[in-house]
Amino acid sequence: MSLFSTYQLNNKSLRNHMVMAPMTRCRTSQPGDIANDLMATYYAQRATAGLIITEATQISPQSQGYSFTPGIFTKKQIEGWKKVTSAIHDKGGVVFNQLWHVGRVSHPIFQQGKAPVGPSALPPIETQIWVADDGGTMLDCPTPRALSVEEIKVIVADFAQAAKNAVEAGFDGVEIHGGNGYLIDQFLRTNSNIRTDQYGGNKENRLRFLMEVISACVEAIGADKVGVRLAPYVTFKDMNCPEIVETILLASKKLQALNIAYLHLSEADWDDAPEIPLSFRKELRQYFTNTVIVAGRYDRQRAEKILLEGLADLVAFGRDFIANPDLPTRLKKGQKFSELDGNTLFGGNEKGYSDYPNYFE
Ligand SMILES: Cc1cc2nc3c(=O)[nH]c(=O)nc-3n(C[C@H](O)[C@H](O)[C@H](O)COP(=O)(O)O)c2cc1C
């Protein structure tokens, strides 16, 4: 087994152990936040990854927190994504759609002038979202409004419908975004969730929303098509919770019981990459025996090491895949990497998106 050998993810044969990590790039067509030909070109260029996980995708209008991120709840959005999935499949790739609800990491601009929603009315300190105006602006996230139980049930149903829409759009599965400070993560943590009902308090209660979302998606499209991303050690977006690691370990047992396709650990946000203790990795592996994906500042050496140690099955690469569409071949041949242009990450056109040199594919 090596980074470059094939891997069986349930009934999908992946051409290698490399995953393209989910990355928001804000290049949808407007109006309507619709995936388009430019995005199809960008993703197809990267189809030599064993598995592509798309950028985070809205399940409803309320779930949006940044300009120009894609949705998958309207007919036009589903049609737009079909261009992307068929372009990837034509190149022999496999692709999952990352589904998110941003919760309190949003702004009234996206909420018809009203406050964003969250588990509790607690603002994410020092957290900003990106709005496209002349050149783009970062705005602070205000205090959210706490969701009612009825509203939570609607969001669970929205996730399940989005999962069905993703299958209709040709995706091989969905990844539920349960990390990085967005709505599901906000429910998991004591510093963003101070509810006193069945969705707050002890670990079981804080896990309830995550588990309801996953169960609904499993029922909608099948466990083999559902993965989840969690971020136990990442604390940005005001997410420092002393109980999160224990909460996620309990989640891993429950997720295994549902037999979902994979658990994806988000280990770093940019350069905030805390060291993950070996004891955590081993314990997680014990509880969650299906596929484990890891992501966060991996290079070839670290990736091969963790695969050999048996502590992960697949390794995701983020920024390296932006600048190097042919990353698997470059890594295998030991070729030099292209430099990432930090100014063209969010919004814009093909510049810094689909125009990075592709030497090998
Ligand atoms: C431009 C950019 C956008 C990102 N958008 C998302 C996203 O939509 N969903 C997500 O779960 N993570 C997102 N991430 C985090 C990446 O998936 C990945 O975990 C992170 O970049 C660390 O991996 P790396 O060191 O290989 O880049 C994003 C990262 C970057 C650089």
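How far from an oxygen atom of the ligand does a backbone N or O atom of Pro22 lie? The legends below start there; keep in mind that this is a predicted model.

**View 1. Polar contacts around the ligand.** The answer for Pro22 is 2.7 Å, counted from its backbone N or O atom to an oxygen atom of the ligand. Arg229 gets to 2.7 Å as well, but here the N or O atom belongs to the side chain, and its partner is an oxygen atom of the ligand. Gln98 takes on a nitrogen atom of the ligand, with a side-chain N or O atom 2.8 Å away. As for how wrapped up the ligand is, the protein covers 94% of the 610 Å² of accessible area that the ligand has on its own.

**View 2. The shell around the ligand.** There are 17 residues around the ligand, and the ones that come nearest are Pro22, Thr24, Arg229, Arg297 and Arg319. Sort the shell by class and you get eight nonpolar, six polar and three charged residues.

**View 3. The largest pocket, home of the ligand.** This is the pocket in which the ligand sits. Its volume comes to about 980 Å³. The lining takes in 37 residues, with Met23, Asn180, Asp269, Trp270 and Phe346 closest to the pocket centre. By class, that lining splits into 20 nonpolar, nine polar and eight charged residues.

**View 4. Strands and a helix in the wall of the largest pocket.** Which elements each supply at least two residues of this lining? Look for the strands β6 (95–100), β8 (128–131) and β15 (314–317), plus the helix α9 (319–323). Of these, α9 gives the most to the lining, with three residues.

**View 5. The second largest pocket.** Here the space is about 340 Å³. Of the 17 residues in its lining, Glu267, Glu275, Arg281, Tyr298 and Arg302 are the closest to the centre. The class count for this lining is nine nonpolar, one polar and seven charged. Two helices, α7 (278–287) and α8 (300–308), each supply at least two lining residues. The helix that gives the most is α8, with three residues.

**View 6. A cis peptide bond at Pro31.** Zoom in on the step from Gln30 to Pro31 and you'll find a cis peptide bond, with omega near -5 degrees. To find your way there, go to the loop between β3 (18–20) and α1 (37–45), which is where Pro31 has its place.

**View 7. A positive phi at Asp238.** What is unusual to look at here is the backbone angle: phi of Asp238 is near 60 degrees, a positive value in a residue other than glycine. Asp238 is in the loop between β12 (226–230) and α6 (244–257).

Methods
Residues are numbered from 1 along each chain as its sequence is written. This is a predicted model: local features need pLDDT of at least 70, side-chain atom pairs count only at pLDDT 80 or more; totals for chains, interfaces and linings use all residues. Side-chain values use heavy atoms; hydrogens and water are left out. A residue is near a molecule or strand if one of its heavy atoms lies within 4 Å of it. A polar contact is a pair of N or O atoms within 3.5 Å; within protein, one must be able to donate a hydrogen and the other to accept it, and residues adjacent in sequence count only if both atoms are side-chain atoms. Accessible areas come from the Shrake-Rupley method with a 1.4 Å probe; for residues, only the protein chains shown count as cover. On a 1 Å grid over the protein atoms alone, a cavity is a set of points where a 1.4 Å probe fits but cannot get out, and a pocket is an open set with protein on both sides within 12 Å along at least five of seven lines; lining residues have an atom within 4 Å of a point. A molecule sits in a cavity or pocket if more than half of its atoms lie within 2 Å of its grid points. Ala, Val, Leu, Ile, Met, Phe, Trp, Tyr, Cys and Pro count as nonpolar, Asp, Glu, Lys and Arg as charged, and the others, Gly among them, as polar. Grid points are joined across faces, edges and corners, and a volume is the space filled by probe spheres set on the points. Helices (H or I, at least four residues) and strands (E, at least two) are DSSP runs, numbered from the N terminus.
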